[in-house]
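Grab a pencil and open the viewer. Here are a few exercises, each with a worked solution to check yourself against.

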Amino acid sequence: MRSPMRSVLVTGTSTGFGLVTAVELAKRGWRVFATMRNLDKRGRLEAALEAAGVGDSVEISALDVMAASSSESAVKRTLDATGGKLDAVVHNAGVAAGGAFEDLPEPELRRVMETNFFGVLALTRALLPTFRRQRSGRILIVSSESAFAGQPANSIYCASKWAIEGWAESLAFEVSPFGIDVVLVEPGPYVTDIWESSPRISPEGSAYRAWVQYMFRAGDAHVVAHARDPQEVAKRIAEVLDARRPSFRNPVGRMARIAHFLRGKVPSAVLRKVVERYLGLNHVRL
């Protein structure tokens with residue numbers, strides 16, 4: 001008898017890593033439940049699926065990871081469609097907010113943490129009973145090289161990724177006896193929409209304004225110089241989902257691999273000076 005098609009739920013598929021991952025997994029024979037907060041933005045995904053000839057393998061629905069009720073509804077719809085089984089989830093939805101911490105409004109801090117951290121927790125909680133019952137399941141979290149070291153003008157995003165990695169590493173102990181895997185994919189700089197669509201906060205009169213505006217320009221130049229095709233990340237996600245025994249941490253791209261290697265080996269003060277010199281921040285006077 002033919003084996004049933006493997007199924008996966010992917011969040012944040014309207015753009016970026018989520019979009020190309022949904023297409024890549026469908027091309028590899030997965031039944032993909034592609035979710036996004038705003039279904040009005042489904043056009044790019046539908047066009048990519050049509051171009052790849054895999055539209056029939058992907059079902060698109062709404063999921064706002066900031067609302068636990070939305071996660072629960074999406075899980076119910078997915079399980080109703082699969083007969084109560086799911087092989088994997090890819091936590092990809094994410095947001096950012098650039099600027100000096102002192103300038104970041106409280107709502108922006110909470111929006112980033114609610115999306116990148118608490119949203120992952122809520123969806124995972126909704127899926128764990130199914131994974132435990134079937135004694136299998138793979139929880140894949142798209143993290144970032146931002147989890148390896150602090151970054152200037154990016155404190156809340158780094159905080160969200162550090163938090164999710166600590167939680168994931170702890171969760172792995174708890175769910176392993178049930179045959180459930182927890183894995184991280186940690187991309188470096190790639191060409192996606194996250195930074196273009198994220199607020200850059202540098203208010204008039206801020207003590208950090210000159211420094212932050214310089215940092216934004218330096219960061220953009222870094223991305224232009226080093227950003228790669230997000231398809232590489234989609235392929236790595238697919239490989240991790242296909243692997244019999246995947247590594248817990250999976251840095252993707254040269255910059256992420258370097259940052260992963262340096263973590264814990266080079267003193268933080270040294271790394272900070274290297275980054276400041278690389279970006280030219282040591283020349284900015286406040």
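**Exercise 1.** Which residue in β2 stands opposite Val8?

*Solution.* Keep in mind that you're looking at a predicted model. Start with the two strands: β1 covers residues 7-10 and β2 covers residues 31-36. Next, check how they are joined: four bridges link them, and they run parallel. Now look across from Val8, and you land on Val32 in β2.

**Exercise 2.** Work out the strand order of the sheet, then find its edges.

*Solution.* Step one is to walk across the sheet strand by strand. You should read off β3-β2-β1-β4-β5-β6-β7, seven strands in an open sheet with parallel pairing. As background, strands of a sheet pair through backbone hydrogen bonds, either parallel or antiparallel. Step two is to look for strands that pair on one side only: these are β3 (58-62) and β7 (249-252), the edge strands. Step three is the twist, which averages 20 degrees from one strand to the next.

**Exercise 3.** Which strands does helix α2 lie across, and at what angle does it run to β3?

*Solution.* First pick out α2, residues 43-52. Then see what lies against the helix: α2 lies across β2 and β3. Finally, compare directions, and you get about 175 degrees between α2 and β3.

**Exercise 4.** How many cavities of 30 Å³ or more does the structure hold, and what lines them?

*Solution.* Begin with the count: there are two.

Take the largest cavity, with about 40 Å³ of space. Its lining is Thr11, Val65, His91, Asn92, Ala93, Thr115, Gly119, Val120 and Leu123. Sort those by type and you have four nonpolar, five polar and no charged residues. Helix α4 (residues 106-134) gives the most to this lining, with four residues.

Now do the second largest cavity, again with about 40 Å³ of space. Around it sit His91, Asn92, Ala93, Asn116, Val120, Ile141, Val142, Lys161 and Ile164. Ask which elements give two or more residues here, and the list is α4, β5 (137-142) and α5 (155-175). By type, this lining splits into five nonpolar, three polar and one charged.

To finish, compare the two lists: His91, Asn92, Ala93 and Val120 turn up in both.

**Exercise 5.** Where do Arg135 and Ala153 lie, and what is the sign of phi in each?

*Solution.* Locate Arg135 first: it's in the loop between α4 and β5. Its phi is positive, about 55 degrees, although Arg135 is not a glycine. Move on to Ala153, in the loop between β5 and α5. Here phi is near 60 degrees, also a positive value in a residue other than glycine.

**Exercise 6.** How does the span of helix α9 compare with the expected value, and what comes just after the helix?

*Solution.* Count residues 268-279 to get 12. From first C-alpha to last, α9 reaches 16 Å, close to the 16 Å expected at 1.5 Å a residue. Step just past α9 and you meet Gly280, with a positive phi of about 80 degrees.

How values were computed:
Residues numbered from 1 in each chain as written. Predicted model: local features only at pLDDT ≥ 70, side-chain atom pairs only at ≥ 80, totals over all residues. Heavy atoms only, no water. Pairing = 2+ DSSP bridges. Axes fitted to C-alpha atoms, helices over the stretch in contact; angles between N-to-C directions. Contact = heavy atoms within 4.5 Å. 1 Å grid on protein atoms, 1.4 Å probe; cavity = no way out; pocket = protein on both sides within 12 Å on 5 of 7 lines; lining within 4 Å. Points joined across faces, edges and corners; volume = space filled by probe spheres on them. Nonpolar A, V, L, I, M, F, W, Y, C, P; charged D, E, K, R; others polar. Expected span 1.5 Å × (residues − 1).
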